[in-house]
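Dear colleague,

I am passing on the structure we spoke about, with the sequence alongside. Please look through it before reading the notes underneath.

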Amino acid sequence: MAGPAIETERLTKSYGRARGIVEVDLVVPRGEVFGFLGPNGAGKTTTIRVLLDFLRPTSGRARVLGLDSRDDSVEIRRRVGYLPGDPAFYPRLTGRELLAWLARMRGGVDQEVIDGLADRLGLDLGRTLRALSRGNRQKVAVVQAFMHRPDVLVLDEPTAGLDPLVRLEVARMVREASEEGRSVFLSSHVLDEVQDLCDQVGIIREGRLVAVERVGDLRARSLRTVTLRFAQPVDPAPFRALPNVRDVTAADTTLHLRIGGSPDALVKLAARHEVLDLVSEPADLEETFLTYYRGDGHAS
Ligand SMILES: Nc1ncnc2c1ncn2[C@@H]1O[C@H](COP(=O)(O)OP(=O)(O)OP(=O)(O)O)[C@@H](O)[C@H]1O
Ligand SMILES: [Mg+2]
């Protein structure tokens, strides 16, 4: 029973001589959401397919809910909701037929649950899969991953092909799963899209896990960009002297700067002058993430 939701140890998968993934060490604690990021061909799908035993590791091992990916794959697949990166379904079935069949294989799911999920995503279950657009087929894949309320969700690019409103709904579904204590491992290309969902993010590049961070730590380290416009030109020196302010540039009546942590001292200093405008832009976590690791020796 004990142990993390997902754990890999020096997990390696080679495709003949081609690189798949190399010595990936990952831990996803129970109840957390882990975002697995990386460019095309980095090894996200390979890692995920090993977890579900669709691929056998070349070396190393993976455990899901304490179960070995190879020895206990039947039990793992029963307890995991899996959304493949390239969902392929029987084209002649309707969404309703396919989901009913999958539901039976998983020991039964109330039709109301399926209808409720389809409804949230705006999916018409009466159409055949062949007749569905790519995004609507993706919705079927999302429903089948969530419908049996699995302990662990493993989602390979869950929002691929979905329009922005549906993406938001899927994000809500992930958040709800997490609030119910379920664990989520999801892959994505961009931190921007998953940062609000994830407790931790990891970056894989060329088959190697190059960085893992708590999103909270990343935020604390990130610098926001602030632009202040005053009625008169101001002396930038006192702004430069603030301990948490960096990169102050002054042009005419405008100051640009970057700030980490609380803006309180900055706001009080600015308030000694007549402030015409103040714009604070949220930190770019991806930039922080990558800058940190480029300077840290971990990066490729
Ligand atoms: N069946 C295969 N035979 C040979 N090489 C493969 C095979 N499947 C994947 N690879 C290689 O393994 C590497 C990792 O691929 P993978 O599909 O895991 O990447 P990914 O991170 O999921 O990329 P994407 O963002 O494009 O989905 C790539 O270099 C890919 O070419
Ligand atoms: Mg992939």
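The notes below go through the sheet, the nonpolar cores and a pair of helices.

Please keep in mind throughout that this is a predicted model.

To begin with the sheet, four strands are arranged in the order E2-E1-E4-E5, and they form an open sheet with antiparallel pairing. Strand E2 (18-28) and strand E5 (67-68) each have a single partner strand and stand at the edges, so one side of each is left without a neighbour in the sheet. Within the sheet, strand E1 (residues 6-15) runs antiparallel to strand E4 (residues 59-64) and is joined to it by 5 bridges, with Ile6 standing opposite Val64 in E4. Across E1, E2 and E4 lies helix H1 (residues 44-51), which runs at about 115 degrees to E1.

Turning to the interior, the largest nonpolar core has 62 residues, and Val143, Val154 and Val184 are those with the most contacts inside it. Helix H5 (residues 134-146) gives the most to this core, contributing 6 residues. Apart from this core lies another, of 9 residues, which includes Val234, Leu255, Leu257 and Ile259. As for Val154, its contacts, not counting residues up to four places away in sequence, are Ile48, Leu51, Leu52, Val80, Tyr82 and Phe185.

Finally, the axes of helix H3 (residues 95-105) and H5 come within 10 Å and cross at roughly 25 degrees, and as angles under 35 degrees count as roughly parallel, H3 and H5 are therefore roughly parallel to each other. Their crossing is right-handed, and Gly95, Leu98, Leu99 and Leu102 in H3 meet Val140, Val143 and Gln144 in H5.

With best wishes

Definitions and conventions:
Residues numbered from 1 in each chain as written. Chains lettered and ligands numbered in written order. Predicted model: local features only at pLDDT ≥ 70, side-chain atom pairs only at ≥ 80, totals over all residues. Pairing = 2+ DSSP bridges. Helix = DSSP H or I, 4+ residues; strand = E, 2+ residues; numbered from the N terminus. Contact = placed C-beta atoms within 7 Å. Axes fitted to C-alpha atoms, helices over the stretch in contact; angles between N-to-C directions. Core = buried A, V, L, I, M, F, W, Y, C linked by C-beta atoms within 7 Å. Buried ≥ 20, exposed ≤ 12 C-beta atoms within 10 Å, placed from the backbone. Parallel < 35°, antiparallel > 145°, perpendicular 65-115°, else oblique. Left-handed = near helix turned anticlockwise from the far one by under 90°.
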